[in-house]
Amino acid sequence: MIKAIVTDIEGTTSSILFVKDVLFPYARANLADYVQRHANDPQVKALLEDVCTEVGEQLSTGQIIDQLIQWIDEDKKVTPLKSLQGLIWEAGYRQGDFKGHVYPDAAEKIKAWKSQGLDLYVYSSGSVHAQKLLFGHTEYGDLTPLFSGYFDTHIGGKKDRASYDNIAVQLGIPANQLLFLSDIKEELDAAKAAGFQTIWLTRDSTPDPQAEHRQVNSFEQISWAKA
């Protein structure tokens, strides 16, 4: 019996293109200015120090900016970068520069699952702050009340089994009663190794009935065996 659902965002609830063509370019274009203007804010200052810790040496503000830009260009999942991106995106959302993209079928199913009493969680490589911003500023309004919690790389890498072990422990739910949704096979492999049930979103291709994880191309097709 499924007691809770943990979902990925990019390629699962939301378009990969929104992240790649809207969010990432926006953060890259505004990063230098944002860091320079907020370098002495306690939250930003701590993140800049985390960058220095990550590379193992003390860097100037300019060098930190260069390092952050390099990580963006290399698509590195580095926690201080993800946190800074979240702060930059917050400014963009609040200014109305864009809205968080959520597929219609995902928004509808998430609402339905919540009304059925299922607990819903998000696990994404983007920071928890960024996750809440995306779901808080959608075309369907603020969806954050539908979620009971959020996980990011602070819990561990998404391709590491231990991350899913940690999530199950934090939720206090047996892993076999948790369903993980993602578009990435390696993430699903890790979740399955931890005992999760899994469903693979293949939005741009026909589901393969022989795949290692059950494939669907929309949330409308998601179902599971009843107890």
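Reading two domains and one buried residue

Modeller: In this predicted model, the domain assignment of the protein chain gives domain 1, made of residues 4-15 + 100-221, and domain 2, covering residues 18-94.

Colleague: How many residues of domain 1 and of domain 2 are in contact?

Modeller: Contacts are counted on each side of the boundary, and here 14 residues of domain 1 are in contact with twelve residues of domain 2, while the C-alpha centres of domain 1 and domain 2 lie 25 Å apart.

Colleague: What area do domain 1 and domain 2 bury between them, and which three residues of domain 1 supply more of its share than any other three?

Modeller: The two domains bury about 1200 Å² between them, with 65% of that area on carbon and sulfur atoms. On the side of domain 1, Glu-10, His-129 and Leu-133 supply 32% of the area buried against domain 2, which is more than any other three residues.

Colleague: How many salt bridges and how many residue pairs in polar contact does the rule find across the interface of domain 1 and domain 2?

Modeller: The rule finds zero salt bridges across this interface, but three residue pairs in polar contact. By class, the side of domain 1 that touches domain 2 has three nonpolar, ten polar and one charged residues.

Colleague: Turning to a single residue, why does Asp-105 count as buried?

Modeller: A residue counts as buried under 20% relative accessible area, and Asp-105 counts as buried because its relative accessibility is 10%. Asp-105 lies in helix H5, residues 104-115, and, leaving aside residues up to four places away in sequence, touches Arg-203, Ser-218, Phe-219 and Glu-220. With Arg-203, the side chain of Asp-105 makes a polar contact of 2.8 Å.

How values were computed:
Residues are numbered from 1 along each chain as its sequence is written. This is a predicted model: local features need pLDDT of at least 70, side-chain atom pairs count only at pLDDT 80 or more; totals for chains, interfaces and linings use all residues. Side-chain values use heavy atoms; hydrogens and water are left out. Domain bounds come from an automatic or database domain assignment. Contact means heavy atoms within 4.5 Å. Buried area is the accessible area (1.4 Å probe) that two parts lose on being put together, summed over both. A salt bridge is a side-chain nitrogen of Lys or Arg within 4 Å of a carboxyl oxygen of Asp or Glu. A polar contact is a pair of N or O atoms within 3.5 Å; within protein, one must be able to donate a hydrogen and the other to accept it, and residues adjacent in sequence count only if both atoms are side-chain atoms. Ala, Val, Leu, Ile, Met, Phe, Trp, Tyr, Cys and Pro count as nonpolar, Asp, Glu, Lys and Arg as charged, and the others, Gly among them, as polar. Helices (H or I, at least four residues) and strands (E, at least two) are DSSP runs, numbered from the N terminus. Buried means under 20% relative accessible area, exposed over 50%, partly exposed in between (1.4 Å probe, protein chains only).
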